[in-house]
Amino acid sequence: MKIAIIGCEKQKVSVLLKYLKKNRKDAVVHSFSSKDTDGVEEFIKDDPYALIVFDTDNYGFFTAEKLSERYRGLNLIMISGSEQYAVDAFRLHVSDFWLYPYTAERVEEAFRHLRHTPEKGSQFS
């Protein structure tokens, strides 16, 4: 599985990257700036069940929204410091919504409940 982390603050990205690389050895993980839609798209294009973890800054949300329209099997996880973005998360059909600070248990729970996996298929295919 490919995991793209978009638009999160560097300190928060480094903690998540470190955790995923240690605990998700089957995953290829890369972080991107919020504005690098092309880079994210190139990274995920051959993985129909890729996971996009994105922060709720304007560009991160825009990038996730744009990619979810093109790639219907994407798994999306939105991260925010505020509950006010939960409605936006619902509209994008995210697999999970994390509030800062999130825990390792929350990350693992999210992996157990991804909407689209090779075993489940994609509900949009």
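Helix axes are lines fitted to C-alpha atoms over the stretch in contact, with angles taken between N-to-C directions. In this predicted model, the axes of helix α1 (residues 10-23) and helix α5 (residues 104-112) come within 12 Å. They cross at roughly 60 degrees. The two helices are therefore oblique to each other, since angles of 65 to 115 degrees would count as roughly perpendicular and those under 35 degrees as roughly parallel. The crossing of α1 and α5 is right-handed.

The contact draws on residues of both helices. From α1 come Leu-16, Tyr-19, Leu-20 and Asn-23. These meet Ala-104, Val-107, Glu-108 and Phe-111 in α5. By class, the contact has six nonpolar residues, one polar and one charged.

Part of this contact also belongs to a nonpolar core. The largest such core has 20 residues. Within it, Ile-3, Ile-5, Leu-16, Leu-20, Val-53, Trp-98 and Val-107 touch the most other members. At least two core residues each are supplied by β1 (2-6), α1, β3 (51-55), β4 (75-80) and α5. Helix α1 gives the largest share, five residues. Val-107 shows how these parts meet. Not counting residues up to four places away in sequence, Val-107 touches Leu-16, Tyr-19, Leu-20, Trp-98 and Tyr-102. Another core lies apart from the largest one and holds 19 residues. Among them are Ile-6, Leu-67, Ala-89 and Val-94.

Strand β4 also contains Ser-80. The relative accessible area of Ser-80 is 1%. Buried means under 20%, so Ser-80 is buried. Leaving aside neighbours within four places in sequence, Ser-80 is in contact with Asp-55, Thr-56 and Tyr-85. The contacts of Ser-80 also include Phe-97, Trp-98, Leu-99 and Tyr-100.

Two loops hold notable backbone features. In the loop between α4 (86-91) and β5 lies His-93. Phi of His-93 is near 60 degrees, a positive value in a residue other than glycine. The relative accessibility of His-93 is 43%. Values between 20% and 50% count as partly exposed, so His-93 falls in that class. The other loop runs between β5 (96-99) and α5, and Pro-101 is found there. A cis peptide bond joins Tyr-100 and Pro-101. Omega of this bond is about -10 degrees. Tyr-100 is also one of the residues in contact with Ser-80.

Conventions: Residues numbered from 1 in each chain as written. Predicted model: local features only at pLDDT ≥ 70, side-chain atom pairs only at ≥ 80, totals over all residues. Heavy atoms only, no water. Axes fitted to C-alpha atoms, helices over the stretch in contact; angles between N-to-C directions. Helix = DSSP H or I, 4+ residues; strand = E, 2+ residues; numbered from the N terminus. Parallel < 35°, antiparallel > 145°, perpendicular 65-115°, else oblique. Left-handed = near helix turned anticlockwise from the far one by under 90°. Contact = heavy atoms within 4.5 Å. Nonpolar A, V, L, I, M, F, W, Y, C, P; charged D, E, K, R; others polar. Buried < 20%, exposed > 50% of the residue type's maximum accessible area, 1.4 Å probe, protein only. Core = buried A, V, L, I, M, F, W, Y, C linked by side-chain atoms within 4.5 Å.
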